[in-house]
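Open your viewer and keep a selection box handy. We will move from stop to stop, picking a few residues or helices each time.

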Amino acid sequence: MFYISFYALCSRSRSATLNTDIVGDNDEDGKDSILVIVSIICSSLRYLSFPVSKLRAMDMLLALGAILPDRYKLDRVLPYLSCLFSDANAVVRAAALRTTTQLVQLVSTVAIADTNLFSEYLLPMFAKFSEDTDVVVSIMYARCIGALAVYVATFLEIMFLTCFGRTAVRYIEHVDTVRSERRANGTISETDIEAELFSFEAERDILQTLIGEEVSKLSAHSDPNVSRALFSGLVSLCRFFGQQHVYMIQQLLATHMNSLDWQLRCAFFESTVNVVNYVGHSSFDHFMRPFLMDGLGDEEQYVVAKVRFFLCLFAR
């Protein structure tokens with residue numbers, strides 16, 4: 001009954017806020033009302049006894065996160081969610097991981113102080129999920145890591161834009177053009193931009209290394225369900241690593257092609273069709289040909305059907 005009444009309160013607060021063009025800097029009343037509700041939920045979260053209560057509290061925090069200012073999502077909500085990463089119940093741990101992933105994806109503006117949010121805070125805490133004692137948590141981690149990787153790349157771009165404005169994007173793509181613009185305007189020195197770009201690339205390399213290690217650990221998990229969940233985010237991982245580091249994805253695919261689990265072999269051919277856009281047709285054809293030949297002779301008919309369907313899509 002308490003949950004129903006409180007959820008209705010959240011809904012009314014959300015409707016009232018949406019009617020005032022979402023919570024903005026000038027909407028102090030709507031902002032304060034949401035912060036009061038979020039504070040009550042967060043302060044109660046650590047003292048809840050039943051797993052179902054924790055799950056419902058996380059649902060409410062995620063619903064309110066859609067209209068909560070970005071700085072409060074990271075400063076007020078995220079620390080309390082991270083406390084549930086060590087919960088005794090595996091379902092709660094998996095839900096906390098999923099809710100955290102969904103919450104950070106709602107963030108569109110980031111303070112400079114949060115530059116190392118992923119490399120020094122979130123990803124080190126997520127590392128234990130790949131070797132969790134309950135496979136449910138590892139499966140959830142494998143499902144979330146693709147979406148998390150895509151947002152990590154977006155997060156870095158947001159940070160770079162925060163420091164140097166929208167011309168920073170063009171600087172990455174057209175170095176000479178932005179150099180001349182910055183030199184002409186005199187708003188910032190070329191040395192400062194070079195230093196920040198170096199910092200941007202260094203942070204990206206660190207995050208790619210951290211996520212690559214997590215992907216390797218998940219792909220080596222003893223339960224095939226973890227690998228199947230990892231395949232669901234394969235395209236997102238390709239987008240994150242890019243063509244320069246796509247060899248990691250190739251190693252991941254090669255590891256599971258000879259699996260004894262026929263469902264995993266089916267998932268292999270289902271997920272690799274879209275990888276061709278990131279690997280290239282020629283290299284992908286050279287890489288996949290041995291697997292296709294083995295798949296056509298597979299003893300499981302479902303695998304053979306997936307191979308034929310893969311060939312049809314690849315031919316298009």
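## Stop 1: a tyrosine to start from

Select Y72: with a relative accessible area of 14%, this residue is buried, since anything under 20% counts as such. The model you are looking at is a predicted one. Y72 sits in helix α4, which runs over residues 70-82. Now add L35 to the selection. Y72 and L35 lie 37 residues apart in sequence, yet their C-alpha atoms are 8.3 Å apart in space.

## Stop 2: zoom out

Colour the whole chain by secondary structure. You will find 17 helices and 0 strands. Of the 316 residues in the protein, 46% are buried. Consider also the contacts between residues at least 6 apart in sequence: 68% of them join residues at least 24 apart.

## Stop 3: from α4 to α5

Go back to α4 and show helix α5, residues 90-104, beside it. How do the axes of α4 and α5 cross? They come within 10 Å of each other and cross at roughly 170°. The two helices are therefore roughly antiparallel, as the angle is over 145 degrees. To see the contact, select K73, V77, L78 and L81 on α4, together with A96, T99, T100, L103 and V104 on α5. By class, this contact of α4 with α5 holds 6 nonpolar, 2 polar and 1 charged residues.

## Stop 4: α3 on α5

Keep α5 on screen and bring in α3. The axes of α3 and α5 also come within 10 Å, and they cross at roughly 5°. This pair is therefore roughly parallel. On the α3 side, the contact is made by P51, K54, L55, M58, D59, L62 and G65. On the α5 side, pick V91, V92, A95, A96, R98, T99, Q102 and L103. The residues of this contact divide into 9 nonpolar, 3 polar and 3 charged.

One pair here deserves a distance label. D59 lies in helix α3 and, at 38% relative accessibility, counts as partly exposed. Measure from the C-alpha of D59 to that of T99: the two residues are 40 apart along the chain, and the separation is 7.8 Å.

Next, hide α5 and view α3 by itself. Helix α3 covers residues 51-65, and at 1.5 Å a residue its 15 residues should span 21 Å; the end C-alpha atoms are 21 Å apart, which agrees. Which residues of α3 are buried? Select K54, A57, M58, M60, L61, L64 and G65. They cover an arc of only 160° around the axis, so they are on the same side of α3.

## Stop 5: a loop residue after α5

Follow the chain into the loop between α5 and α6, where V110 has its place. Is V110 buried or exposed? At 7% relative accessibility, V110 counts as buried. Add D70 to the view: V110 and D70 are 40 residues apart in sequence and 7.3 Å apart in space, C-alpha to C-alpha.

## Stop 6: helix α10

Jump to E213, which you will find in helix α10, residues 190-219. E213 is partly exposed, with a relative accessible area of 43%. Select A127 as well; 86 residues separate E213 and A127 in sequence, while their C-alpha atoms are 9.0 Å apart in space.

## Stop 7: α11 with α14

Now show helix α11 (residues 224-231) and helix α14 (residues 262-271), whose axes come within 9 Å and cross at roughly 10°. That makes α11 roughly parallel to α14. Show side chains for P224, S227, R228 and F231 in α11, which meet Q263, L264, A267, F268 and S271 in α14. This contact has 5 nonpolar, 3 polar and 1 charged residues.

## Stop 8: finish on α17

Finally, select helix α17, residues 301-315. Its 15 residues should span 21 Å at 1.5 Å a residue, and the end C-alpha atoms are 21 Å apart, in agreement. V303, V304, V307 and F310 are buried in α17. Turn the view to look down the axis: these buried residues fall within an arc of 120°, so they line one face of the helix. What does the face turned away from the buried side of α17 carry? There you will see the exposed residues Q301, Y302, R308 and F309.

Methods
Residues are numbered from 1 along each chain as its sequence is written. This is a predicted model: local features need pLDDT of at least 70, side-chain atom pairs count only at pLDDT 80 or more; totals for chains, interfaces and linings use all residues. Side-chain values use heavy atoms; hydrogens and water are left out. Helices (H or I, at least four residues) and strands (E, at least two) are DSSP runs, numbered from the N terminus. The expected span of a helix is 1.5 Å times one less than its number of residues. Buried means under 20% relative accessible area, exposed over 50%, partly exposed in between (1.4 Å probe, protein chains only). The arc is that of the directions from the helix axis to the C-beta atoms. Axes are lines fitted to C-alpha atoms, for helices over the stretch in contact, and angles run from 0 to 180 degrees between N-to-C directions. Angles under 35 degrees count as roughly parallel, over 145 as roughly antiparallel, 65 to 115 as roughly perpendicular and the rest as oblique. Contact means heavy atoms within 4.5 Å. Ala, Val, Leu, Ile, Met, Phe, Trp, Tyr, Cys and Pro count as nonpolar, Asp, Glu, Lys and Arg as charged, and the others, Gly among them, as polar.
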